[in-house]
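I opened my notebook to jot down the overall build of this model. Here is what I looked up, chain by chain.

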Amino acid sequence: MEELNLTFVDETVEKVGTGAEKVLEILQALQGHYGYLPQEALERVCELTEITPAAITGVSSFYDQFRHRPAGQHIIHVCVGTACHVKGAEQVYEAFRSYLDIPTDDDTDPQKVFTVERIACLGCCTLAPAVQIDGVTYGHLTRETVPKVLNDFLKQAGTAHRTRARRRKVRTGAGEIRVGLGSCCVARGSGRLHESLNKALVETGVRVPVKRVGCVGMCHQTPLLEIVTPSGESSLYARVEPEDAKPIVLRHFGARGPHRKITGAVSRTLDRLLTDESWGPVTRYSINVRDREVSDFLGRQIHVAIEHCGHIDPTDLDEYVRHDGFKALEKCLKELQDDEVIGQIEASGLRGRGGAGFPTHLKWSAVRASAGEKKYVVCNGDEGDPGAFMDRMLMESYPYRILEGMAIAARCVGASEGYLYIRAEYPLAVKRVTEAIEKATERGFLGDNILGTDFSLRLKIVAGAGAFVCGEETALMASIEGRRGMPKLRPPYPAHKGLWGRPTLINNVETYAAVSWIIRNGADAFAAIGTGQSKGTKVFALAGKIARGGLIEVPMGISIRQIIDEIGGGIADGRKFKAVQVGGPSGGCIPEGSDNLSVDYESLTAAGAMMGSGGLVVLDETDCMVDIARYFLQFTQNQSCGKCTFCRIGTRRMLDILDRLCAGEGKAADLDELQHLAEIIKKGSLCGLGKTAPNPVLSTLRYFRDEYEAHIDKSCPAGKCKALIKYTITDDCIGCTICAQHCPTDAIAMRPYEKHEIDLEKCVRCGTCKSVCPADAVRVE
Amino acid sequence: MPRITIDGREVEVEAQATILDAAEKLGIEIPTMCYLRGHEATTSCMVCVVKVAGAASLVPACGTSVRDGMVVESDCDEVREARKAALELLLSDHVGDCVGPCATGCPAHMDIPLMIRQIAAGQMRGAIATVKRDIALPAVLGRICPAPCENVCRRAQHDGAVSVCLLKRYVADMDLQTAEPYLPRCLPKRGKRVAIIGAGPAGLAAAYYLQQDGFDCTVFDDHDEPGGMLRYAVPEEELSHDVLAAEIAQIRKLGVELRLRTRVGVSVSMEDVRREFEAVFIAVGVLKPGDAEALKLAASDKVKVDAATYATDLPGVFAGGDAVRRRKMTVRAVADGKEAARSIAQYLLGEKVTGPAKAFNSRMGKLRDGEMEVFLEAASSSARQTPADPAAGFTASEARHESLRCLRCDCRKGDVCLLRQHAQTHDARQTRYKAERRPFVQETQHPDVVYEPGKCIDCGICIEIASQAREKLGLTFVGRGFDVRVAVPFSAPLSDGLRLVGERCVAACPTGALARKDAQNGQSPKEDETICEGDER
């Protein structure tokens with residue numbers, strides 16, 4: 001074997017440092033360089049640093065991000081988050097594997113070009129099913145589009161670095177063009193749109209600034225392009241393709257030179273699109289806030305955490321300051337006493353937005369009251385719930401607001417150092433927050449003597465490495481300290497003994513994001529929104545089988561039905577609403593019929609769900625609730641840190657039963673057994689992950705017991721569980737052979753003009769035939 | 001100093017104390033597995049959970065600090081159920097046998113693997129003590145036993161079972177040839193008398209164990225000589241009367257009295273026997289018509305007894321052997337005698353009569369592909385021995401060779417394993433949760449320590465000990481969730497991971513995951529040697 005060049009290890013250690021807490025950062029660098037973690041490299045790290053062999057082995061095997069065997073040139077991460085799961089992620093995963101001829105015991109094709117891995121959640125739920133190939137995200141995959149995506153990727157990979165940004169002179173007061181550049185938008189092509197827009201401006205000679213803005217929340221309409229003319233008139237274009245860029249520029253800003261001639265013709269075409277009222281998926285058109293769908297989508301929303309959504313450039317500090325940015329911090333530093341600030345937070349009724357809803361002021365007061373020279377503030381950006389992407393969007397689009405909230409908190413509790421722990425799956429968030437910290441420090445909003453006062457705060461980013469349990473605060477701190485993300489028994493609480501044994505304040509991204517609004521607008525304004533116990537607003541990621549998925553911020557107390565019907569536009573594809581999964585693996589399913597439930601901490605818990613961090617995955621009649629429960633147990637069982645017996649083995653035993661049920665091997669006693677295990681795991685587990693892991697099972701058992709019973713009788717009413725269904729072709733078959741052409745296992749013989757038949761021995765129940773049949777002649781039973 | 005209440009009793013403890021400390025101060029026993037004094041609680045096994053008033057969930061006593069006024073319940077149904085569930089979950093993922101399949105298969109549950117290791121080590125005095133702990137007539141059985149143990153011997157699937165029966169005969173024969181054959185220690189006399197009706201294998205065995213337990217036994221038999229069917233039904237070429245007599249002589253040496261040519265119900269009435277003796281054990285062999293009535297039992301062709309205690313319907317009257325069951329096997333009769341002796345002792349001591357405690361036994365069941373090879377690695381590869389002279393049994397060298405064929409299926413920490421102990425006291429069942437078992441793995445590269453990951457409960461105590469001792473490689477958790485395993489970093493062998501603290505890790509490991517290679521049953525071999533001394537009546 002070729003000897004490995006270890007100079008990169010030496011350079012990395014030189015750059016990063018030798019402390020035991022640097023282990024994640026070093027491992028991430030090594031993996032980035034070598035594509036995996038060669039043992040020689042790890043041994044070299046141990047020689048050069050305080051990191052022990054036990055620590056490096058323990059840590060590198062704990063996090064999903066790390067590989068211990070070589071990978072192909074490109075890594076395909078197939079998202080198996082909740083929204084992707086219900087939209088067929090497993091089939092996409094299988095399709096990649098079979099298209100690339102990956103052997104069963106491997107994850108890389110024989111030519112070592114592509115490695116296919118599952119990933120817990122990319123947080124691009126509205127694009128479900130989504131995949132990420134070396135940082136390029138593709139959405140809405142099907143078995144059929146797999147080859148197209150691979151081709152596109154290879155083509156892009158060859159050309160991407162040839163694109164050059166060209167600086168242009170822009171006229172002020174010339175209006176502006178806004179392009180949404182959140183990760184979802186980029187995945188849907190807004191990056192390419194941005195490029196083609198710049199090209200169009202050069203070609204047409206139009207001088208208008210093109211501004212990137214954060215997530216607008218209307219993920220179902222991306223890529224979005226907003227044109228603001230010099231007169232201030234705004235037009236919003238949805239689902240814009242790169243080739244539309246030029247006509248749109250010409251339409252609104254006219255052209256100089258030869259282009260002027262064609263403007264009129266183009267404009268007429270676009271007018272036709274403008275008058276198109278339908279929200280059909282086929283083409284791009286201009287929409288307007290006055291349009292009913294847009295007003296419905298936005299109408300019920302109240303923007304606190306996502307204030308100025310769609311208007312401001314995420315990392316433009318001047319713009320943030322122009323929009324009252326850091327005013328709240330200044331007020332806290334120069335006008336208010338720390339206890340007054342905490343009093344404001346208390347009066348606002350703000351509760352932790354990470355899931356459990358602990359009153360924020362109590363945490364702040366506890367850390368403030370803790371004795372200690374050194375204290376820390378930590379921002380929990382480890383949004384691991386599959387089906388949730390609020391925190392990603394907040395960090396990508398409003399980094400300064402989070403930093404401002406952290407600074408205010410740090411000032412109140414007496415902390416001068418802090419960390420933002422951000423999931424590794426969110427590279428754009430890491431990039432933007434890093435940029436924001438740099439700029440804010442440069443301008444004196446962070447760093448030493450902030451705004452000329454004696455208050456100093458240094459913030460660092462720690463990128464997670466793929467472990468859901470690190471969202472649990474004690475596990476998160478262990479991870480920052482460079483250890484395996486294993487939770488610890490509380491008390492002691494982080495407020496008393498946190499990072500490196502010091503008092504530590506940990507709040508969620510969204511909690512920090514609400515702080516400056518409360519200080520600027522007053523606690524009363526915040527408390528005026530919401531219900532008795534749950535004040536203010538909550539950001540939700542709305543995804544799954546919904547017509548208009550996206551990111552929304554709504555007042556607490558809004559009903560599930562209002563969210564789904566009014567904001568989300570009901571169920572996609574005319575299907576029937578069945579349930580909404582709230583709160584991810586810690587939450588539960590609220591069924592159709594209970595959907596006038598008020599969205600607040602207490603109501604959701606009483607209904608067997610949980611606020612969680614705010615993922616809402618909508619399920620329709622084709623979703624099997626036993627499969628959903630199994631999906632979540634598979635997730636928690638895999639993500640359990642493995643420390644306490646109830647969680648480590650108990651969740652596995654629950655999964656064993658659910659596996660048996662889905663395979664048609666369930667017994668009547670299994671349901672009682674599930675209930676028993678669920679209760680004992682809830683009662684006995686050490687941390688929040690284990691205590692809430694049974695919720696998806698308990699809530700589906702509560703509302704959909706009949707479906708469990710059907711599985712015991714060997715039938716899956718939703719037609720999802722492969723072992724319990726079979727596909728047949730009805731007499732409606734027109735003999736078109738399309739199904740035979742698409743069947744991945746040749747289970748359908750090609751018989752032109754005759755009725756086709758499915759060989760059940762060969763059939764893998766992928767459903768491709770049903771989805772391609774033009775005559776609707778494939779039946780599932 | 002905070003005051004807390006546990007199970008209704010108040011105690012004052014140090015501010016830093018845990019609930020476990022407080023319970024200890026009160027003398028309340030809380031089971032623990034992953035907790036090791038002097039180390040920070042790892043709170044992983046959750047067997048020590050208790051209920052704290054006001055808390056929604058249960059908390060581990062080992063890691064929960066006391067608060068003034070705290071009210072704790074350590075023995076309510078909820079706590080007991082949770083502890084049992086924790087144990088049963090651990091057991092559902094526990095790969096290994098507490099005792100060897102041979103000992104499980106032996107009706108008398110003799111500790112066969114231990115006997116075999118003692119033979120291999122040349123500890124013959126220890127070996128006979130092991131044998132006689134469960135089998136009163138080993139020289140006899142060594143000749144006539146159908147050896148159900150060999151049917152279930154793991155090695156039977158490979159190249160023939162270990163020749164257990166002949167090894168046992170070898171141990172017993174060697175013992176009888178010594179100047180002073182082995183006699184167990186008897187407890188001081190308790191002043192209570194037991195009548196045993198029938199001097200066959202069941203009766204003799206009962207007398208052997210009851211006499212050791214301090215009860216005076218008188219064995220009634222209508223024949224001229226003791227031995228029952230062993231003397232009168234088994235052909236002498238199979239079982240010589242000398243061997244039988246020698247082994248019975250050892251029983252008599254304990255003080256057992258024989259009343260031969262005396263038929264209870266005929267020459268002496270059952271009423272008289274019950275008046276004279278505090279308890280009666282009926283071991284008359286297969287009943288002939290009229291026997292039952294003579295013994296004042298319901299007319300039947302067999303005596304009806306409680307399956308666990310051997311008690312008949314008459315108070316103080318117990319029965320065993322061929323009188324109670326149809327399937328005839330001497331080893332079963334000997335086992336009946338031993339087990340009934342336990343019930344009779346309980347009865348005479350005024351205790352609850354339950355019969356012998358059934359030891360918890362984890363079982364891994366049939367081997368999968370590749371697992372036989374793991375077991376074979378440490379055993380001799382020679383084929384099953386047959387004695388050069390079948391009539392004489394094994395020679396010393398043959399016995400030693402045969403003993404080295406044992407696969408050592410039993411757990412090296414069978415007697416000290418906390419999982420087994422708590423499973424026993426909590427009445428935990430291993431099959432409570434259905435599960436696919438993991439493969440059996442054994443790491444034997446370390447000179448002194450064997451590591452069986454399938455028995456590990458992932459508590460991490462060994463990792464802590466190695467880390468504190470600054471082992472160069474040490475141990476670590478590898479992986480996450482259900483698949484997490486303790487291993488040496490960089491897949492190095494255990495001998496590299498534990499250079500300094502192998503012994504300490506073995507002692508701290510709550511299960512048989514880390515064990516001394518040469519451990520007998522959790523004890524070092526030397527200690528075991530002292531268990532049996534000669535006659536010290």
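These entries cover secondary structure, overall dimensions, burial and contacts.

Entry 1, a caution to myself. I am working from a predicted model, and I keep that in mind throughout.

Entry 2, chain A, secondary structure. I looked up the elements and found 32 helices along with 20 strands in chain A.

Entry 3, chain A, dimensions. I asked what radius of gyration a compact globule of 781 residues would have, and the answer is near 28 Å. Chain A comes out at 27 Å, which agrees with that expectation. I also noted the box filled by the C-alpha atoms of chain A, roughly 85 × 75 × 65 Å along the principal axes.

Entry 4, chain A, interior. I checked burial and found that 55% of the 781 residues of chain A count as buried. I then turned to contacts in chain A with a separation of 6 or more, and 73% of them come from residues 24 or more positions apart.

Entry 5, chain B, secondary structure and dimensions. My list for chain B holds 21 helices and 14 strands. Its radius of gyration is 26 Å, close to the 24 Å that the globule rule gives for 537 residues, so chain B is as compact as a globular protein of that length. The C-alpha trace of chain B spans about 75 × 60 × 45 Å along its principal axes.

Entry 6, chain B, interior. Of its 537 residues, chain B has 51% that count as buried. Among contacts in chain B between residues at least 6 apart in sequence, I noted that 70% join residues at least 24 apart.

Note on methods:
Residues numbered from 1 in each chain as written. Chains lettered and ligands numbered in written order. Predicted model: local features only at pLDDT ≥ 70, side-chain atom pairs only at ≥ 80, totals over all residues. Helix = DSSP H or I, 4+ residues; strand = E, 2+ residues; numbered from the N terminus. Rg over C-alpha atoms; globule rule 2.2 N^0.38 Å. Buried ≥ 20, exposed ≤ 12 C-beta atoms within 10 Å, placed from the backbone. Contact = placed C-beta atoms within 7 Å.
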